[in-house]
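Here are a few exercises to work through with the model open in your viewer. Try each task before you read its solution.

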Amino acid sequence: MFHSREIVTAIELGSSKICVLIGEAGEGGRVNIIGRGTAPSAGAVVKGEIYNMEKAFDQLAAALEEADRSSNHELGNSRLVVVVVTGCGIDSHQGVGTVFIKNEQHRVTQKERFEAHENAKVQHIAPDREIINSSESYFMIDGRPVRNPLEQNARKLDAYVHVVHAVASRLENFRTIVRESGFEDSMMEVAFAPLAADFGILSEEEREHGVLLIDLGAGTTEFDVEYNSGIQASGVIQVGFDHVCNDLSIGLDLPISLCRKMIEDGSLVRAIRERRDWLEFPQPGSGMRRIPLVSFETIIDLRLREIFEIVKKMVADRGALNNLDAGGVLTGGGALFERTAGIFREVFDLSCRIGQPLEAGGAVIGVENPRYSTVWGALKIAAYYNELNSGNRGRGTVGNLIDAADGFLSRFRRNLSNLKETIRM
């Protein structure tokens, strides 16, 4: 049971839809969903970037109104909002931060761990870019790899930290839209989309043994790789499942609206399952047009295979293609298509499952769907941020807390108390 109403919000401005979840946060980072709102992006967001600010305001307003109504008007009580971002020229790298252990016992403490993390973050970031998330991948003490360096004796500590950064001006567009939509007085943080999805749908066993997560959205495809419960790589390509619809439209000379409808309403999947030879479409003044079903399958397979091959190369280039014993997890709307998982298995030679929100409890139903994986993960992150802030009243904004403990993904999962100790320093 929740003993007090701590309201948090998550917002995803996606290429196909804008989604808002309102949650009631409790102890230990738990959260119950109490409100949900969605609205079509309607061209406001294209390939993960803000394309039309005015329309983005309008569509977000519609989603917020629906979420507020379904939460019994709790939106105005939201203490903190986490905004999911992609596009924005986002890139990532593995930074290395080094600290020499100078205390009398030559023992690694939270102080040295924090220093090493901060040293890793400041490398190779251009002035026009902003770090949005960082997460510890692994450590070396005196050249020896360790999972947790705390309390070990050493002369030198190296922290390998996964750093995600974006073009600051493009990132600010997302913040502006949310801030000016009624969150002027709320604390606000951003989360890179695949790291939010990771937080919402992966199991501890998958994170431990090595897993590749791919979020196949409408306008973009994001990925991250975890091993030993640390982020090893992440990235985004501005190609998504809507490109499949575009390929069908051009290749088969069909209206793109019809291609989208066939995929969204499941009629194309049903035809594939029924092993039909043809699909028929009315042609004005000339009866029916018959298109072989194999033409649809060939076009879809080629585009999905291309997307996965690009992701595979990006993962390999980052040295993160090995150690994936837990296989792959596919999420996002594109994961629901019949052939997506099969093509993933062929390209990566890995097992996979379709990921959807884990433990998404509360009065609101209908979020147990891969389309909500990212925004659900963002809501869980908001609950954890709220937990940290609640334990440190009077010590600054949540932004200051994150400055002190920016590796929220890996550290929250490993030990929330360790984070609190870091913040108290």
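**Exercise 1.** Find which backbone oxygen the side chain of Asn133 reaches, and work out whether Asn133 is buried or exposed.

*Solution.* Keep in mind that this is a predicted model. Start with the contact: the Asn133 side chain gets to the backbone oxygen of Val190, at 3.4 Å. That falls inside the 3.5 Å cut-off for a polar contact between N or O atoms. Next, place the residue: Asn133 sits in strand β8, which covers residues 129–141. Last, check the accessibility. Asn133 has a relative accessible area of 1%, and buried means under 20%, so Asn133 counts as buried.

**Exercise 2.** Work out the strand order of the five-stranded open sheet that contains β12, and say which strands are at its edges.

*Solution.* Reading across, you get β14-β13-β12-β17-β18, with mixed pairing. The edges are β14 (230–237) and β18 (352–354), since each of them pairs on one side only. On average, neighbouring strands here are turned by 15° against each other, ignoring direction. Now zoom in on one pair: β12 (residues 211–216) and β13 (residues 221–227) run antiparallel and share six bridges. Within that pair, Leu213 has Asp224 of β13 as its bridge partner.

**Exercise 3.** Describe how helix α4 lies relative to the sheet and to helix α11.

*Solution.* First, the sheet: α4 (residues 193–201) lies across β12, β13, β14, β17 (328–331) and β18, at about 55° to β13. Then the other helix: the axes of α4 and α11 (residues 373–390) come within 7 Å and cross at roughly 80°. Angles of 65 to 115 degrees count as roughly perpendicular, so that's the label for α4 against α11. Among the residues making this contact are Ala193, Phe199 and Ile201 of α4, along with Trp376, Lys380 and Tyr384 of α11. Sorted by class, the contact has nine nonpolar, four polar and one charged residues.

**Exercise 4.** Look up the phi values of Asn72 and Glu151, then decide whether Asn72 and Glu151 are buried or exposed.

*Solution.* Take Asn72 first. Its phi is near 60°, a positive value in a residue other than glycine. Asn72 belongs to the loop between α1 (53–70) and β6 (78–85). With a relative accessible area of 64%, Asn72 is exposed. Now Glu151: its phi is positive too, about 70°, though Glu151 is not a glycine. You'll find Glu151 in the loop between β9 (144–146) and β10 (156–167). The relative accessibility of Glu151 is 54%, so Glu151 counts as exposed.

Key: Residues are numbered from 1 along each chain as its sequence is written. Side-chain values use heavy atoms; hydrogens and water are left out. Two strands pair if DSSP finds at least two bridges between them. Helices (H or I, at least four residues) and strands (E, at least two) are DSSP runs, numbered from the N terminus. Axes are lines fitted to C-alpha atoms, for helices over the stretch in contact, and angles run from 0 to 180 degrees between N-to-C directions. Contact means heavy atoms within 4.5 Å. Buried means under 20% relative accessible area, exposed over 50%, partly exposed in between (1.4 Å probe, protein chains only). A polar contact is a pair of N or O atoms within 3.5 Å; within protein, one must be able to donate a hydrogen and the other to accept it, and residues adjacent in sequence count only if both atoms are side-chain atoms. Angles under 35 degrees count as roughly parallel, over 145 as roughly antiparallel, 65 to 115 as roughly perpendicular and the rest as oblique. Ala, Val, Leu, Ile, Met, Phe, Trp, Tyr, Cys and Pro count as nonpolar, Asp, Glu, Lys and Arg as charged, and the others, Gly among them, as polar.
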